[in-house]
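Visitor: I am new to this structure and should like to learn how to read it. May we begin with the idea of a contact?

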Amino acid sequence: MGKLKERFHRKHGIVSRIFSMVLALAMIMTMIPAIGDATTAYAASPTIRLYLDKPSTWNTPVVHVWAAGAAVDNHGAGNATISQWGNQEKPKLAYEESSGLYYVDVQSSEWTGFQFVDAGSTEKSAPEIKTEGAAIEQIKTFTSDTSIYCLLDDNGKYQWYKDASKKETLVPESVPTECDLTINYKSTLGDDVAAYI
């Protein structure tokens, strides 16, 4: 009886080990596509060259990218401090002589927003050009390295374009960039109560 019992355990012990190994291999095989997708998503984070036609009143344009893990390459232009921001240092934009534009390369897997700031300004608030909202949503769709251009439009406002000739804006016309909102309310506390949004 003891020999029978020993042979049973030996036989079924090997079977259960093989079965466990097959299950582990099956789990690894089902995880491979997920690992591949994660790698593809990271590899698809392109480098975007941001060009700026520097406002004539600005001295030293710098960039502040809101995503903490973004890689900023200003091609050795150095940093400049923004005195209005407690002397924070930010990367200067490099200058391209052929186009007369300033630029910086940014690679990020998380585009949330960024801004150009005049680090040489003596104004109370440092002049800035913020980019967020619809323009950022368009940037998130890029799958390869590209350049975009922040240039003055015909109305004297800065606009993002897909090329330096201003043929195509970055934000499609179908995407609203701003809207008016009217809120009516009735105060139950009298006429002197103000509403804040």
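Guide: Contact means that heavy atoms lie within 4.5 Å of each other. The model before us is predicted.

Visitor: Leaving aside neighbours within four places in sequence, with which residues is Trp160 in contact?

Guide: Trp160 is in contact with Leu50, Tyr51, Phe114, Phe116, Thr131, Ala135, Ile148, Tyr149, Cys150, Thr169 and Leu170.

Visitor: How should I read a nonpolar core, and which residues have the most contacts inside the largest one?

Guide: A nonpolar core is a set of buried residues of certain kinds, joined through side-chain atoms within 4.5 Å. Here the largest has 26 residues, and Leu50, Phe114, Phe116, Ile139, Ile148 and Trp160 have the most contacts inside it. At least two residues of this core come from each of E1, strand E2 (61-65), strand E7 (101-107), strand E8 (114-118), helix H2 (134-139) and E10. The most is given by H2, with four residues. Another core, of seven residues, lies apart from it; Tyr51, Leu101, Tyr103 and Leu151 are among its members.

Visitor: How are strands paired, and which way do E1 and E10 run?

Guide: Two strands pair if at least two bridges are found between them. Strand E1 (residues 47-52) and strand E10 (residues 146-152) run parallel, joined by five bridges. Within this pair, Ile48 has Thr146 of E10 as its bridge partner.

Visitor: In which sense do E10 and E11 pair?

Guide: E10 pairs with strand E11 (residues 158-161) in the antiparallel sense, over four bridges. Trp160 in E11 is the bridge partner of Cys150. The two strands E10 and E11 form a hairpin with five residues between them, and in the turn Gly156 has a positive phi of about 80°.

Notes. Residues numbered from 1 in each chain as written. Predicted model: local features only at pLDDT ≥ 70, side-chain atom pairs only at ≥ 80, totals over all residues. Heavy atoms only, no water. Buried < 20%, exposed > 50% of the residue type's maximum accessible area, 1.4 Å probe, protein only.
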